[in-house]
Amino acid sequence: MKNSNYISITQYLENKGIHPVKDRGYYGMYFSPLRDDSNPSFKVDYDKDLWYDFGANEGGSIVDLVMKLENCSLAEAFRKLENSFSFHRNDIPVASPVLTNREPAITITDIQPLIHPALLDYLKERSINTDIAKQHCSEVHYTIADKPYFAIGFQNDAGGWELRNRAFKGSSTPKNITSINNGSETVMVFEGFIDFLSYLSLKQNAYPRIDSTILNSIANLPKAIPFLQTHQTIQAFLDNDEAGKRAVECLSPVCKEVIDQSVFYRDHKDLNDYWRDKSNPKKQVRKNDAAAPIKRQIPVKKRGRSL
């Protein structure tokens with residue numbers, strides 16, 4: 001399912017009449033919209049869709065920016081962005097000519113089946129089933145500043161790629177979520193595709209019957225809301241950090257039931273970290289390992305049911 005209803009930081013600022021003073025190809029410098037600023041010290045990373053105000057020493061996602069700029073709560077920020085979705089479709093030019101004509105920092109040169117031994121070895125290090133990974137990923141060759149590289153590629157709904165190898169973590173433009181629509185009433189939410197592949201490896205199932213959304217960055221959560229709203233239940237497999245917990249709370253009004261599955265890997269930073277421990281018999285099992293069955297169901301309103 002292609003999710004064409006989303007708004008980026010650059011589009012959000014453009015709609016408020018705020019334009020970059022300097023464009024560096026993969027990022028722009030603005031006069032800060034949050035304070036008086038005589039020098040452009042507000043940076044927007046186009047590829048990651050993140051901002052940083054050097055003068056205020058703070059930054060974040062589009063949600064953080066909306067909260068600060070419009071002085072509203074987290075839930076209100078999501079509602080404001082959700083209400084803006086219908087006005088910002090990909091077939092309507094909403095960005096400035098300077099931004100639409102810029103060259104991407106990463107140029108994709110070739111897409112192949114995932115076969116390179118170095119990439120497969122990297123997946124094995126992360127305890128990912130390589131046969132399953134081959135069903136969802138490609139081997140992507142790309143250039144940065146005319147220098148050639150290659151990585152595991154995971155495509156998003158807008159045609160961009162998440163890129164991973166042992167030495168690099170990045171993405172090509174456009175940045176977006178990846179949604180898998182099987183027509184079910186339940187949808188799983190993962191922060192990144194390595195966590196998604198970890199779940200599939202854990203279940204030994206390359207194609208679950210229920211739907212999935214891979215955010216490809218917690219900052220992309222607003223882009224996922226239209227798809228998530230079409231479901232009765234959300235199962236959240238997000239990171240065990242403040243951003244992950246905040247995201248789960250924000251999902252509560254999105255649909256009827258939200259289940260926080262991170263309770264099962266609460267002693268690990270994320271699902272892949274848990275899966276690497278669980279699948280490696282040589283590692284000492286932690287005393288409070290989340291692999292232990294949890295009988296009590298705590299709503300997230302609801303805590304996780306079963307991995």
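Here are some friendly notes on the aromatic pairs and on Ser8 in this predicted model.

1. Residues are numbered from 1 along each chain as its sequence is written. Because the model is predicted, local features need pLDDT of at least 70 and side-chain atom pairs count only at pLDDT 80 or more, with totals for chains, interfaces and linings using all residues, while side-chain values use heavy atoms and leave out hydrogens and water.

2. The whole structure holds 13 aromatic pairs (Phe, Tyr or six-membered Trp rings with centres within 6.5 Å; stacked if the planes are under 30 degrees apart, edge-to-face if over 60, tilted for the rest). Tyr52 and Phe54 make an edge-to-face pair, because their planes stand at 75°, with the ring centres 4.9 Å apart. Tyr52 is partly exposed at 28% relative accessible area, and Phe54 is partly exposed at 48% (buried is under 20%, exposed over 50%, partly exposed in between, with a 1.4 Å probe and protein chains only).

3. Phe190 and Tyr199 form a tilted pair, with centres 5.7 Å apart and planes at 55°. Phe190 is buried at 0%, and Tyr199 is buried at 10%. Both belong to one aromatic cluster with Phe154, Phe193, Phe196 and Phe237.

4. What does Ser8 touch, leaving aside residues up to four places away in sequence? Its contacts are Asp49 and Ile62 (heavy atoms within 4.5 Å). Ser8 counts as buried, at 12% relative accessibility.
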